[in-house]
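Visitor: I am new to this structure. Please show it to me, and then I will ask how its descriptions are arrived at.

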Amino acid sequence: MSLDNLIDAIADQGWYIWDDFLSVKQVRDLCQEMPENWRTAQIGRSDSKHQNQRRRSDKIQWLQPTMGFAIHDYLERMEHIRHNVNRALFLGLFEYEAHFAKYDIGDAYEKHYDAFQGRTNRRLTTVMYLNEHWTEADGGKLKLYSDQDELIETVAPYAGRLVVFLSERFPHEVCISHAERFSIAGWFRTNGVSEQCFDISR
Ligand SMILES: O=C(O)CCC(=O)C(=O)O
Ligand SMILES: [Fe+2]
């Protein structure tokens, strides 16, 4: 698993799973820097944001490079990916935004797209998992579907594993979690204007 494999997989199939992207130590360091003040996650753009506990029940906290060394390091790694993916695939990825997510027992995220064509500038989704002792019984798997709604892959949220996929192409869901589940969800965005609206939503 490597950056070259990631680039080839995104070009060929649009998604990639990178196991051991981070070491156990790097995952632990990130967990140490995870803030405590979780906010209920929201769905949709700034003008239509609403909280919908049925569709999405995770709590989030946006990453800032100033939050700590491990977070800064993680954002640097994403910057490295952004640079190399742009160079190889000309996706025009301009910036990266990411939040920690916490799913308590019983939490889930119903099937959704991270981006709708022409309506947001999220192009490439990343999910980093932080669950060191995850087992089958803990549930919380990510299911990735094709745009014809066929199940492509079921992904357990093992620590160190990074999932990357094109935000507009793959509906996906987080199955009900039976244990506390931690992750960093992030999006590479293109710059700017879509359908005459600046998309500055978070
Ligand atoms: O945590 C995951 O596996 C995916 C989360 C997700 O789909 C999202 O935050 O948009
Ligand atoms: Fe998503």
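Guide: A donor here is an N, O or S atom within 2.8 Å of the metal. Keep in mind that this is a predicted model.

Visitor: What makes H112, D114 and H172 donors of the iron ion (ligand 2)?

Guide: H112 (NE2), D114 (OD) and H172 (NE2) lie 2.0 to 2.2 Å from the iron ion. The cut-off is 2.8 Å, so these atoms count as donors. Along the sequence, the spacing of the donor residues is H-x1-D-x57-H. D114 is in the loop between β5 and β6, and H172 is in strand β10, so the pair ties together parts 58 residues apart in sequence.

Visitor: Why is D114 called buried?

Guide: Its relative accessible area is 13%. Buried means under 20%, so D114 qualifies. H172, at 4% relative accessibility, is buried too.

Visitor: Why are α2 and α3 called oblique to each other?

Guide: Helix α2 (residues 24-32) and helix α3 (residues 69-89) pack at about 120°, with their axes 8 Å apart. Roughly perpendicular ends at 115 degrees and roughly antiparallel starts over 145, so the pair is oblique. Q26, D29 and L30 of α2 meet A70, I71, Y74 and R77 of α3. By class, this contact has four nonpolar, one polar and two charged residues.

Visitor: How do you know that the span of α3 agrees with its 21 residues?

Guide: At 1.5 Å a residue, α3 should span 30 Å, and its end C-alpha atoms are 30 Å apart, so the two agree.

Visitor: What covers the buried residues of α3?

Guide: The cover includes α1, α2, β4, β6, β9 and β11. Among the buried residues of α3 are A70, I71 and Y74.

Key:
Residues numbered from 1 in each chain as written. Chains lettered and ligands numbered in written order. Predicted model: local features only at pLDDT ≥ 70, side-chain atom pairs only at ≥ 80, totals over all residues. Heavy atoms only, no water. Donors = N, O, S within 2.8 Å, 3.2 Å for Na, K, Ca; no water. Helix = DSSP H or I, 4+ residues; strand = E, 2+ residues; numbered from the N terminus. Buried < 20%, exposed > 50% of the residue type's maximum accessible area, 1.4 Å probe, protein only. Axes fitted to C-alpha atoms, helices over the stretch in contact; angles between N-to-C directions. Parallel < 35°, antiparallel > 145°, perpendicular 65-115°, else oblique. Contact = heavy atoms within 4.5 Å. Nonpolar A, V, L, I, M, F, W, Y, C, P; charged D, E, K, R; others polar. Expected span 1.5 Å × (residues − 1).
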